Amino acid sequence: MFSCKICSGHIDLIHDFGRMPIANHYLKTAQADEFFYHLQLLLCQKCSMIQLGECVAPSQMFHENYHFISSTSQNMSHHFERTAFDFLQLVQSRRDPFIVEVGCNDGIFLKHVACQGFRHLGVEPSKNVAQASRAKGIQIIEDFFNEKSALKIFNDKGPVDILYGANVITHIEDLASVMKGASALLKKDGWFIFEDPYFPHVMEKGAFDQIYDEHIYYFSVLSVDCVARSFGFKLVDVSPQPVHGGSMRYYLRSSQSSAQPKAVVGKYLQLEQKMGLNALSGYLKFCEKINQNACSLKNMLRKIKEEKNQIVGYGATAKSSTLLNYSKIGVDLLDYITDNTPPKIGKFSPGQHIPIVSHERFVEDHPAYSLLLAWNHKEEIFLKEASYRNNKGKFITYVPQLEIV
Ligand code: TMP
Ligand code: ZN
């Protein structure tokens, strides 16, 4: 039996996905052994936090061969350039402001802070991406962000104006330690800002592939507001972000700061209460959608295959691991998955062991159908693949709905 990782409250099962491999763990050979864990989505009805039951050890997910490299998407590069601009405006009138990023990956955000000479630090546990950041002139410590490393940063470098985490706070099981670390590290008038996929959007779209080992928490404004209060913060602002299929950025400040929450926070709290997100009954429709979506996609792929058409996957995303393994879509349906991340090419997808191939191979092959596993990069990919689509190449998309385009 699990209890809530945040408030120790009673938790209920929203959905059981069964045994799953580690989503970002690409295999060197199709026969390689791999680790499986039990993927269950749970709800705490006391603090509204949605969370996983069994969690994979961080060292098994984030290591020297971490396969997720942020800068493979131009849209994401632009997103973080805009973010850096906005944050620098928040602190530019301060004397020598200090910006720290949790999980800075290959420096996609911090490079814009570093190049303008601002004091900064990236806290990144995965060696390969930490090195990529250093090569861009970014200050890095190779570590997990928690209360201990936060205190060390505070002692060595002093208090922080902005602590930022993009698509990373959701990854950290010991969220209490992160909150305590943020509290110890920040100036009284500092900001703790983080963004992650917004769970109500995941539900609306039936995008159950967002649920996998690295995402331990699935935030809503209700649950973040509750966590903030429990650790001496207040949630003062929220702002939807058009990345990762719909994210939310949360702005937390010390409960002692004079800043008042903006009206938009209250609006979201009301809306989410109306959706019933603090009770299990609010999730029933989503659970139905999970099974319906998985079934209709598999039936469509089978039919296309029966008509002797080639189908491949486009984008070896971490998300696709849940989709392909839960729906049992394997090499009988997808010949391969094409991806532009060099370390993924030549490897095999977790669980289903589908080969990952280069974009050049995809261009050469010109498959009749491509299942858009990287649906969160649809606009960018459709722009890039205009000639594929103009020459009878078809994409199958399954979020927000199943269609051939
Ligand atoms: P993400 O959904 O976690 O951002 O991962 C996107 C994956 O899709 C990543 O492995 C890179 C890949 N990708 C391509 O292969 N081609 C592209 O044009 C884009 C934008 C991403
Ligand atoms: Zn709880």
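The legends below walk through several close-up views of a predicted model.

**View 1. Four cysteines hold a zinc ion.**
The zinc ion (ligand 2) has Cys4, Cys7, Cys44 and Cys47 as its protein donors, and each gives its SG atom. These donors lie 2.3 Å from the zinc ion (ligand 2). If you follow the chain, the donors show the spacing C-x2-C-x36-C-x2-C. The angles among the four donor atoms are 100 to 120 degrees, and the site is tetrahedral. For reference, the ideal angle for four tetrahedral donors is 109.5 degrees. Now look at two of the donors in turn: is cysteine 4 buried or exposed? Cysteine 4 counts as buried because its relative accessibility is 3%, where buried means under 20%. Cysteine 7, at 24% relative accessibility, counts as partly exposed.

**View 2. A sheet of seven strands.**
This open sheet has the strand order 6-5-4-7-8-11-10, and its pairing is mixed. Which strands stand at the edges? They are strand 6 (140-141) and strand 10 (233-241), and each has a single partner strand, so one side of each is left without a neighbour in the sheet. Further in, strand 4 (residues 98-102) pairs with strand 7 (residues 160-166) in the parallel sense, over four bridges. To find this pairing on screen, look for isoleucine 99, which stands opposite isoleucine 162 in strand 7. Helix 5 (residues 147-157) packs on the sheet and touches strand 4, strand 5 (119-123) and strand 6. The direction of helix 5 makes about 155 degrees with that of strand 5.

**View 3. Helix 6 and its surroundings.**
Helix 6 packs on the seven-strand sheet. Helix 6 touches strand 7, strand 8 (186-197), strand 10 and strand 11 (247-254), and its direction makes about 145 degrees with that of strand 8. How many of the 11 residues of helix 6 (residues 175-185) are buried? Eight are, so the helix is largely enclosed by the rest of the structure. Among the buried residues are Leu175, Val178, Met179 and Leu185. Gly181 and Ala182 also belong to the buried set.

**View 4. A second sheet, with six strands.**
Here the open sheet has the order 14-13-12-15-16-17, again with mixed pairing. Strand 14 (356-357) and strand 17 (403-404) stand at the edges; each has a single partner strand, so one side of each is left without a neighbour in the sheet. Helix 10 (residues 284-306) lies across strand 12, strand 15, strand 16 (394-397) and strand 17. Helix 10 runs at about 155 degrees to strand 16.

**View 5. Strand 12 between two partners.**
In a regular strand, side chains alternate between the two faces of the sheet. Strand 12 (residues 311-314) lets you see this: Ile311 and Gly313 point one way, while Val312 and Tyr314 point the other way. All four of these residues are buried. Strand 12 runs parallel to strand 15 (residues 369-372), and four bridges join the two. Strand 12 also pairs with strand 13 (residues 337-338) in the parallel sense, over two bridges. Tyrosine 314 is a handy landmark for both pairings: its bridge partner in strand 15 is leucine 372, and in strand 13 it stands opposite threonine 338. Strand 12, helix 11 (residues 319-326) and strand 13 together make a right-handed β-α-β unit.

**View 6. Three spots with unusual backbone geometry.**
Most residues other than glycine have a negative phi, and most peptide bonds are trans. Where is proline 400 found? Proline 400 sits in the loop between strand 16 and strand 17. A cis peptide bond joins valine 399 and proline 400, with omega about 5 degrees. Histidine 244 lies in the loop between strand 10 and strand 11, and its phi is positive, near 50 degrees. Histidine 244 counts as buried because its relative accessibility is 15%. Histidine 366 also has a positive phi, of about 50 degrees, although it is not a glycine. Look for histidine 366 in the loop between helix 12 (359-365) and strand 15. At 33% relative accessibility, histidine 366 counts as partly exposed.

Methods
Residues are numbered from 1 along each chain as its sequence is written. Chains are lettered from A and ligands numbered from 1 in the order in which they are written. This is a predicted model: local features need pLDDT of at least 70, side-chain atom pairs count only at pLDDT 80 or more; totals for chains, interfaces and linings use all residues. Side-chain values use heavy atoms; hydrogens and water are left out. Donors are N, O and S atoms within 2.8 Å of the metal (3.2 Å for Na, K and Ca); water is not among the atoms, so sites may look incomplete. Four donors count as tetrahedral if all angles lie between 85 and 135 degrees; four count as square planar and six as octahedral if opposite donors are over 155 degrees apart and all others between 65 and 115; anything else is irregular. Buried means under 20% relative accessible area, exposed over 50%, partly exposed in between (1.4 Å probe, protein chains only). Two strands pair if DSSP finds at least two bridges between them. A crossover is right-handed if, with the strands pointing away from the viewer, the path from the first strand over the helix to the second runs clockwise. Contact means heavy atoms within 4.5 Å. Axes are lines fitted to C-alpha atoms, for helices over the stretch in contact, and angles run from 0 to 180 degrees between N-to-C directions.
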